[in-house]
Amino acid sequence: MISYDDVNGLLLEALPELRSEYAEWERISDGNVSPYTAYGEVLGPYVRLWAAGRHHEPLRRVATLIEDLLANGDQWVQKM
């Protein structure tokens with residue numbers, strides 16, 4: 001079962017190209033990036049950019065990650 005505490009690490013594992021943007025959010029938030037920030041503020045803009053440019057490969061990884069979170073997440077992950 002995937003816990004709420006696991007979701008940021010899974011995001012960076014699935015999409016390592018987000019690491020520098022995530023690190024910037026860590027810097028400005030004193031190292032405490034919530035999953036809502038990670039998925040909304042870090043991932044969200046990239047999804048829009050990839051979709052506009054028809055970059056299918058990273059979008060497939062996003063879809064796979066979201067499917068995994070929905071299928072295997074605990075109640076807190078489900079509410080995200």
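**Figure 1. Glu24 and Arg27 form a salt bridge in helix 2 of this predicted model.** Glu24 and Arg27 are three residues apart in helix 2, so about one helical turn separates them. The closest N and O atoms of Glu24 and Arg27 are 2.6 Å apart. Glu24 has a relative accessibility of 34% and counts as partly exposed. Arg27 has a relative accessibility of 56% and counts as exposed, because the exposed class begins over 50%. The count of salt bridges in the model is three. The other views of salt bridges follow in Figures 2 and 3.

**Figure 2. Glu17 and Arg61 form a salt bridge between distant parts of the chain.** Their closest N and O atoms lie 2.6 Å apart. Glu17 sits in the loop between helix 1 and helix 2. Arg61 belongs to helix 4, which covers residues 56–72. Along the chain, Glu17 and Arg61 are 44 residues apart. Glu17 is partly exposed, with a relative accessible area of 35%. Arg61 is also partly exposed, at 22% relative accessibility. A residue is buried under 20%, so Arg61 at 22% falls in the partly exposed class.

**Figure 3. Arg61 also forms a salt bridge with Glu57.** The closest N and O atoms of Arg61 and Glu57 are 2.9 Å apart. Both residues lie in helix 4. They are four residues apart, about one turn of the helix. Glu57 counts as partly exposed, with a relative accessibility of 44%. Viewed together, Glu17, Glu57 and Arg61 are linked in a network of salt bridges. Arg61 bridges to Glu17 and to Glu57.

**Figure 4. Tyr4 and Tyr36 form a tilted aromatic pair.** The model has two aromatic pairs. In the pair of Tyr4 and Tyr36, the ring centres are 6.3 Å apart. The angle between the planes of the Tyr4 and Tyr36 rings is 50°. Tyr4 lies in the segment before helix 1, and Tyr36 lies in helix 3, so the pair ties together parts that are 32 residues apart in sequence. Helix 1 covers residues 7–14, and helix 3 covers residues 35–52. Tyr4 is partly exposed, at 25% relative accessibility.

**Figure 5. Tyr46 and Trp50 pair within helix 3.** The ring centres of Tyr46 and Trp50 are 5.5 Å apart. Their planes stand at 50°, so this pair is tilted. Planes count as stacked under 30 degrees and as edge-to-face over 60, so an angle of 50° between Tyr46 and Trp50 falls in the tilted class. Tyr46 and Trp50 are four residues apart, about one turn of the helix. Tyr46 is partly exposed, with a relative accessible area of 22%. Trp50 counts as buried, at 8% relative accessibility. The limit for buried is under 20%, so Trp50 at 8% meets it, while Tyr46 at 22% does not.

**Figure 6. Trp25 of helix 2 contacts Val33, Thr37, Glu41 and Val42.** This list leaves aside the neighbours of Trp25 within four places in sequence. Trp25 counts as partly exposed, at 24% relative accessibility. Ala14 is eleven residues from Trp25 along the chain. The C-alpha atoms of Trp25 and Ala14 are separated by 18 Å.

**Figure 7. Asp30 has a positive phi in the loop between helix 2 and helix 3.** The phi of Asp30 is about 55°. Asp30 is not a glycine. Asp30 is exposed, with a relative accessible area of 74%.

**Figure 8. Arg54 has a positive phi in the loop between helix 3 and helix 4.** The phi of Arg54 is near 55°. Arg54, too, is a residue other than glycine. Arg54 counts as exposed, with a relative accessibility of 66%.

Methods: Residues numbered from 1 in each chain as written. Predicted model: local features only at pLDDT ≥ 70, side-chain atom pairs only at ≥ 80, totals over all residues. Heavy atoms only, no water. Phe/Tyr/Trp six-rings, centres within 6.5 Å; stacked < 30°, edge-to-face > 60°. Helix = DSSP H or I, 4+ residues; strand = E, 2+ residues; numbered from the N terminus. Buried < 20%, exposed > 50% of the residue type's maximum accessible area, 1.4 Å probe, protein only. Salt bridge = Lys/Arg side-chain N within 4 Å of Asp/Glu carboxyl O. Contact = heavy atoms within 4.5 Å.
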